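Biologist: I have a new model open and would like to read its features one by one. Could you walk me through them?

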Amino acid sequence: SSGINAEYGPTKDRISIFDKKKIRGFWPVFDDSMGEQELTGKVDLEIEILTGADAEEKPAGQGRNSPNQYPTLEGPNRPMTSFNFLFNPLKIFKILIWDKMKWKILTGFIILLVIVLLGLFIYTSPQAINNAIYSAMGR
């Protein structure tokens with residue numbers, strides 16, 4: 001199961017959220033489904049402990065829904081055509097295929113080129129041999 005591991009890091013780096021009231025940082029996420037803990041990512045997280053009166057004074061919405069304050073969550077900064085396949089199919093090809101299989105594609109292309117050239121050589125060699133024999137005989 002994936003989750004935030006509370007036992008990550010040495011004890012000297014730990015702080016008490018009840019003393020600081022507000023903390024922000026990168027929290028590790030582990031996957032232990034294979035029986036061994038593996039760091040699978042980090043979550044940028046801000047936690048704030050409020051009293052009941054402060055919580056009523058500073059309402060928070062779910063995600064970016066209203067009221068979007070304390071803290072204000074700004075929308076993601078991505079272009080309108082970032083993943084639109086119709087506008088940029090080569091970018092999608094590069095992201096999904098080229099970065100992972102670049103060397104396999106290049107190797108396959110070179111092998112295919114060598115096979116085509118070898119096939120052309122074999123296809124045209126009987127004609128060239130025949131021409132060489134007849135020209136040597138003087139015909």
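Modeller: We go from the overall fold to the strands, then to side-chain pairs and the surface. Keep in mind that this is a predicted model.

Biologist: How many helices and strands does the protein chain have, and what pattern do they follow along the sequence?

Modeller: There are three helices and three strands. Read along the sequence, the pattern is β-α-β-β-α-α.

Biologist: What share of the residues counts as buried?

Modeller: Buried means under 20% relative accessible area. Of the 139 residues in the protein chain, 6% meet that mark. The accessible surface comes to about 12,400 Å². Carbon and sulfur atoms account for 61% of that surface.

Biologist: And the contacts: what part joins residues at least 24 apart?

Modeller: Start from contacts between residues at least 6 apart in sequence. Of those, 27% join residues at least 24 apart.

Biologist: Now the strands. How do E2 and E3 run, and how many bridges join them?

Modeller: They run antiparallel, joined by 10 bridges. Strand E2 covers residues 22–31 and strand E3 covers residues 38–48. For a register point, take Gly-25: it stands opposite Leu-45 in E3.

Biologist: What should I look at in the hairpin of E2 and E3?

Modeller: Six residues lie between the strands. Among the hairpin's features is Gly-35, which takes a positive phi near 90 degrees.

Biologist: How many salt bridges does a search of the whole structure find?

Modeller: Three. The cut-off to remember is 4 Å, from a side-chain nitrogen of Lys or Arg to a carboxyl oxygen of Asp or Glu. One of the three joins Lys-22 and Glu-46, at 3.2 Å from N to O. Lys-22 lies in strand E2 and Glu-46 in strand E3, so this pair ties together parts that are 24 residues apart in sequence.

Biologist: Are Lys-22 and Glu-46 buried or exposed?

Modeller: Both fall in between. Lys-22 is partly exposed at 43% relative accessible area, and Glu-46 is partly exposed at 32%.

Biologist: Which residue does Asp-44 meet in a salt bridge?

Modeller: Arg-24, with N to O at 2.8 Å. Asp-44 belongs to strand E3 and Arg-24 to strand E2, so the pair links parts 20 residues apart in sequence. Asp-44 is partly exposed, with a relative accessible area of 39%. Arg-24 is exposed, at 56%.

Biologist: Where is the remaining salt bridge?

Modeller: Look at Lys-94 and Asp-99, whose side chains meet at 3.3 Å, N to O. Lys-94 counts as partly exposed at 43% relative accessibility. Asp-99 also counts as partly exposed, at 47%.

Biologist: How do I read an aromatic pair?

Modeller: Such a pair is described by the distance of the ring centres and the angle of the planes. This structure holds one aromatic pair. The ring centres of Phe-93 and Trp-98 are 6.4 Å apart and their planes stand at 40 degrees, so the pair is tilted. Phe-93 is partly exposed, at 37% relative accessible area. Trp-98 is partly exposed too, at 26%.

Biologist: Which residues form the nonpolar patch on the surface?

Modeller: The patch consists of Phe-109, Ile-110, Leu-112, Leu-113, Val-114, Val-116, Leu-117 and Leu-120. Together they have about 780 Å² of accessible area. Take Leu-113 as a case: it sits in helix H3, residues 89–136. At 43% relative accessibility, Leu-113 counts as partly exposed.

Methods. Residues numbered from 1 in each chain as written. Predicted model: local features only at pLDDT ≥ 70, side-chain atom pairs only at ≥ 80, totals over all residues. Heavy atoms only, no water. Helix = DSSP H or I, 4+ residues; strand = E, 2+ residues; numbered from the N terminus. Buried < 20%, exposed > 50% of the residue type's maximum accessible area, 1.4 Å probe, protein only. Phe/Tyr/Trp six-rings, centres within 6.5 Å; stacked < 30°, edge-to-face > 60°. Patch = residues over 30% accessible without salt bridge, like charges linked within 9 Å, V, L, I, M, F, W, Y side chains within 5 Å. Areas by Shrake-Rupley, 256 points an atom, 1.4 Å probe, with all protein chains shown as cover. Pairing = 2+ DSSP bridges. Contact = heavy atoms within 4.5 Å.
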